[in-house]
Each structure stands twice: as C-alpha cells, then as structure tokens.
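Visitor: I have a structure open and would like to walk through it. Can you take my questions as they come?

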Amino acid sequence: MTQPALVVSLPLPTPLGRFVLHAFESDAGDVHLALVIGEISGASGVLTRVHSECLTGDVLGSLRCDCGVQLRTAMRRVAAEGRGLVVYSLGHEGRGIGLLNKLRAYVLQDEGADTYDANLLLHLPAEARRFDAAAEVIRALGVGSVRLLTNNPAKADGLRSAGVVVDEVVPVRTASHVRNVGYLRTKRLRMGHVMPSGDELDGAPADVRDVMELLGDVRPRSDRPYVVAKLAQSLDGRLATATGDSKWISGEEERRVSHALRAASDAVMVGIGTILGDDARLTVRMVPGASPTRVVLDSRLRVPTDAHVLDDDAATLVYTTPSAPAERRFALASLGVGVRTVPPSADGVSLTAVLANLRASGVRVVLVEGGSRLVTSLLAAGLVDRAIVSVAPIIVGAGTDAIGDLGIGRISDAMRLGGAKVHLAGEDVIVAGDVVAPSQVAAAGEAP
Ligand SMILES: NC(=O)c1ccc[n+]([C@@H]2O[C@H](COP(=O)([O-])OP(=O)(O)OC[C@H]3O[C@@H](n4cnc5c(N)ncnc54)[C@H](OP(=O)(O)O)[C@@H]3O)[C@@H](O)[C@H]2O)c1
C-alpha cells in the first residue's frame with residue numbers, strides 16, 4: 001500500500017469547534033481528512049476517532065444508521081477535551097462497498113436481510129475496509145498513542161496491527177432510533193460491536209439504559225403512527241402546580257430518558273398549552289441523538305413567533321384549523337415552520353386527521369409529551385398505543401391533573417397498561433405498557 005501524502009492544511013471552523021484540517025491523499029486517490037484540535041504531535045493518549053465516510057448519515061442525517069450522530073459526538077468530545085483527532089476516511093462507504101452498493105444493500109435490508117447479509121447477497125464482503133491508511137495518517141501527524149472512540153473492536157485491532165498504539169477503547173454512546181436499532185443490534189450480534197445505547201434491560205425494576213424496551217413493540221398502522229404518550233407526574237398525579245409550573249417534576253436521569261425517547265422517535269407532539277406554559281424546546285440535548293420533527297396542535301395559531309419550539313434546531317409542524325388567522329400562518333411559514341390545516345374537533349384540531357397526515361408524511365412513531373388536555377383527548381379517542389408514565393417522589397397538592405375526565409365511572413372500566421413493566425431512573429419510577437381499552441380487557445376476560 002502507498003502511504004498517503006499530506007496535500008494541504010487549513011483552519012476549519014465548525015459549530016462544534018475550530019479544527020485544523022490536514023488533507024492526505026494516497027497514490028490510488030483515496031482521501032483521508034484529519035481534523036485536529038490542539039498539539040497532538042509527540043503526545044500520547046490522544047482522543048481519536050477514525051470515522052468512515054457515510055454520506056447518507058453524516059451529511060443527510062439518515063436514521064438508517066447512527067454515523068452522523070457518532071461523527072458529531074466525536075467532534076464535540078475532541079473539541080471539549082481541547083486536544084484530539086478525527087480522521088475522516090473517504091471511500092469507506094457501506095463498510096467499504098461504495099455508496100451505490102450501500103444503497104442497493106439498503107433495498108435488500110428493506111426486504112428483510114440484515115446489514116451483514118445484505119452485503120453478502122450482493123456478492124460483496126460484509127467488511128471491506130482497511131485501516132492501514134488511517135494508521136499512516138495518525139503516524140504522519142506524530143501521535144504517540146491514542147484513546148480510540150469506537151464501538152467496533154475490529155477497528156481497534158486493525159489500527160493496532162497497522163502499528164498504532166491504542167491505549168484504550170472509548171465507546172461512543174448514541175441514543176438509538178427505532179429505525180436503526182435493528183442495524184445496531186446486527187452490528188453487536190454479528191460483528192462484535194459494543195451496543196452504543198448500553199445493555200438491554202434485564203428484569204425490573206432496573207435502571208433504564210435502553211429505551212427501546214420502554215417503547216415496546218412498535219406497530220405503526222396504515223392510517224396512523226404508533227402513538228406513545230409520555231408523562232411525568234408527581235406522586236399525587238399532577239403534571240404541574242396550580243400556577244402551571246412543571247420544571248422539573250422529574251430528576252435529571254428521568255429527563256435523560258425522555259431525551260433518549262425523543263431521539264428514538266420520528267416526531268414529538270404537544271398541544272399549544274405546553275408551548276405557552278413551558279416554552280418547551282422538544283429537541284434532543286441530554287443524549288447524543290438526532291432531534292425528531294416537532295409537532296404542535298394549535299387550532300388558533302397562538303404559538304408565539306419567538307417560541308423555542310420554532311427555532312431552527314429541528315423541523316417543526318404546526319397543525320391548525322381553517323379559521324386560524326391568515327397573517328399568523330404567513331408569519332410562521334416565513335420562519336420555515338410547516339403549517340398544516342386539518343378539520344376542527346370539539347377539543348381543537350381533529351386528531352385522526354393529524355395522525356393520518358403524519359403517517360402519510362412517513363412518521364412511524366410519534367411521542368406525545370403532553371400536556372394533560374392533549375393526552376386526555378387522545379386516550380378518550382382510543383388513539384394511544386403505549387403509555388410511559390414517570391412518577392417522581394414529590395407531592396404537589398392542587399395542580400394540573402395528569403389526565404382529565406375520561407367518563408369512567410367504575411374501576412372495572414378503567415384503562416389498563418397491558419404487560420406493564422417498572423423501571424427506575426434515579427429516584428423516579430417509570431411504568432410503561434400497552435394501553436388496553438376496557439372493551440379489550442373484557443374481551444380478554446371472556447376468552448375460553
Ligand atoms: N409534566 C409533564 O409531563 C408535562 C408535559 C406537558 C405539559 N405539562 C404542563 O401541562 C400544562 C399544559 O397543559 P395543557 O393541557 O393546557 O396542554 P396541552 O395539552 O399541551 O395543550 C392543550 C391545547 O392544545 C390545543 N389542542 C388542539 N387540538 C387539540 C386536541 N384535539 N385535543 C386537545 N388539545 C388540543 C388546544 O388549544 P387550542 O384550542 O387553542 O388549539 C388545547 O387547549 C402546562 O402547565 C405544562 O407545564 C406537563
């Protein structure tokens with residue numbers, strides 16, 4: 001193999017940090033970009049990521065993989081440490097099979113093959129990458145030894161056998177999305193990777209590490225997404241105090257779980273009351289993961305133009321009714337907010353119309369984070385598949401009830417959570433289960 005030669009060096013300011021970029025090229029035309037912060041020449045224990053190019057994940061934010069999140073997490077960590085290196089290896093698409101073959105493999109995966117077998121079905125190797133060129137780049141930069149950011153032990157082995165001293169392998173934790181959790185599991189089971197979101201839950205109660213178990217068996221329907229209602233309440237069943245304060249009912253660990261649930265979902269939905277009361281951002285900030293599309297139900301377009309939910313950290317859709325003022329529509333549209341009109345209902349906007357429109361837009365999982373009115377109307381309409389309720393060890397007294405009137409007169413008519421499991425997040429208890437309507441409970445009781 002020819003050694004990559006340094007072609008050009010230049011400063012590269014990014015939102016994640018100010019890097020110096022060194023571009024290397026081999027005789028064969030392979031390009032490797034080294035993004036450097038701080039003095040790494042002669043240093044040992046340099047925090048290092050060797051990242052394989054993934055155009056769909058890195059640039060387009062594809063949720064089929066977690067590459068983009070891993071790249072940005074590595075850049076952030078290197079910038080935070082004030083010293084380190086990210087080697088970005090071009091030509092490593094699809095573990096070395098190239099962009100077009102990777103896209104062909106995605107089609108096979110949609111037909112049922114996993115990420116490993118899809119490459120084999122195309123008569124291509126499951127792993128075609130070599131790490132010698134990246135190792136040469138690390139050597140050319142004078143790095144003595146590295147702490148390698150990766151979930152892939154084979155990458156550490158490849159670099160070691162190419163002469164890099166790897167002091168430590170540092171896992172890159174990312175929060176999985178329901179669309180890439182299968183891909184991540186295959187990488188763990190068949191390719192020896194470390195599961196980035198941690199071990200699966202085993203028994204209960206146990207600390208939450210993998211939120212996929214909280215989400216349950218994701219089953220979107222043809223006319224609407226899989227709807228998950230998530231609430232954080234006090235021991236006495238309040239979402240907020242009598243003055244409307246709800247920051248924060250739950251502890252930090254529980255809020256981290258909420259952020260991981262957002263990262264796992266396609267969309268996060270609230271009523272306008274939650275925006276006016278909390279100025280909620282609804283982005284993923286407490287775990288490394290992509291923010292979902294934010295959805296606000298707002299029949300009269302009361303959302304303020306300076307609300308956090310409209311900032312450009314993620315896409316936002318506002319569902320409203322035909323009677324909403326035209327000037328408000330215009331003001332929101334000019335901010336890049338999607339304003340969608342659906343028929344009205346007694347509670348605001350038609351929930352079936354909103355959910356059908358989201359499904360038609362490709363949304364498979366929607367996480368409803370409140371407030372009380374929205375969750376109550378969804379439950380009353382039988383539109384909630386799964387409930388995740390966190391209970392914090394606090395007592396609030398008078399305040400906003402977690403769930404409003406559902407017209408249930410007898411305990412035997414209560415909605416139940418089927419297959420409910422209990423988890424712990426710090427001092428908070430999380431109960432998650434499938435919502436079972438009373439008619440289903442009765443039918444199950446009558447079964448022979
Ligand atoms: N602890 C928690 O987990 C949590 C989570 C969220 C919120 N909160 C707290 O809850 C309070 C807000 O409660 P909320 O019940 O007013 O908020 P919400 O459920 O988020 O918003 C309710 C509003 O959404 C609009 N809406 C549109 N279509 C609707 C539909 N089909 N069904 C129901 N609502 C629809 C209605 O306003 P229009 O008629 O104007 O459209 C309605 O008044 C705040 O104090 C907040 O802090 C707590």
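Visitor: Let's start with H2. Which of its residues are buried?
Guide: This is a predicted model. In H2, the buried residues are Cys67, Gly68, Val69, Gln70, Leu71, Thr73, Ala74, Met75, Val78 and Ala79.

Visitor: How many residues does H2 have, and how far does it reach?
Guide: H2 covers residues 67-81, which is 15 residues. From first C-alpha to last it reaches 21 Å, close to the 21 Å expected at 1.5 Å a residue.

Visitor: And what does Gly82 do just after H2?
Guide: Gly82 takes a positive phi of about 80°.

Visitor: Over to S3. Which strands is it joined to?
Guide: S3 (residues 31-37) is joined to S2 (residues 17-25) by six bridges, and the two run antiparallel. Another six bridges join S3 to S5 (residues 84-89), also antiparallel.

Visitor: Which residues are opposite each other there?
Guide: Between S2 and S3, Leu21 has Leu35 as its bridge partner. On the S5 side, Leu33 stands opposite Tyr88.

Visitor: Is S3 mostly covered or mostly open?
Guide: Mostly covered, with five of its seven residues buried.

Visitor: What about the hairpin of S2 and S3, how many residues between the strands?
Guide: Five, and in that hairpin Gly29 takes a positive phi near 95°.

Visitor: Changing topic: the ligand. How many residues surround it, and which are closest?
Guide: There are 32 around the ligand, and the closest are Gly271, Gly273, Gly348, Gly370 and Gly371. Elements giving two or more residues to that shell include strand S10 (267-271), helix H11 (272-278), strand S15 (348-349) and helix H14 (372-380).

Visitor: Which element gives the most?
Guide: H11, with five residues.

Visitor: What is the shell made of, by class?
Guide: It has 11 nonpolar, 14 polar and seven charged residues.

Visitor: And H10, buried or exposed?
Guide: H10 is mostly covered, with 10 of its 13 residues buried. Among them are Glu254, Arg255, His259 and Arg262. The helix spans residues 252-264 and reaches 18 Å between its first and last C-alpha, close to the 18 Å expected.

Visitor: Last one. How is the protein divided?
Guide: Into domain 1 (5-92 + 129-191) and domain 2 (212-446). Their C-alpha centres lie 37 Å apart. The contact takes 11 residues from domain 1 and 13 from domain 2.

Visitor: What classes are on the domain 1 side?
Guide: The side of domain 1 that touches domain 2 has five nonpolar, five polar and one charged residues.

How values were computed
Residues numbered from 1 in each chain as written. Predicted model: local features only at pLDDT ≥ 70, side-chain atom pairs only at ≥ 80, totals over all residues. Near = placed C-beta within 6 Å. Helix = DSSP H or I, 4+ residues; strand = E, 2+ residues; numbered from the N terminus. Nonpolar A, V, L, I, M, F, W, Y, C, P; charged D, E, K, R; others polar. Domains from an automatic or database assignment. Contact = placed C-beta atoms within 7 Å. Expected span 1.5 Å × (residues − 1). Buried ≥ 20, exposed ≤ 12 C-beta atoms within 10 Å, placed from the backbone. Pairing = 2+ DSSP bridges.
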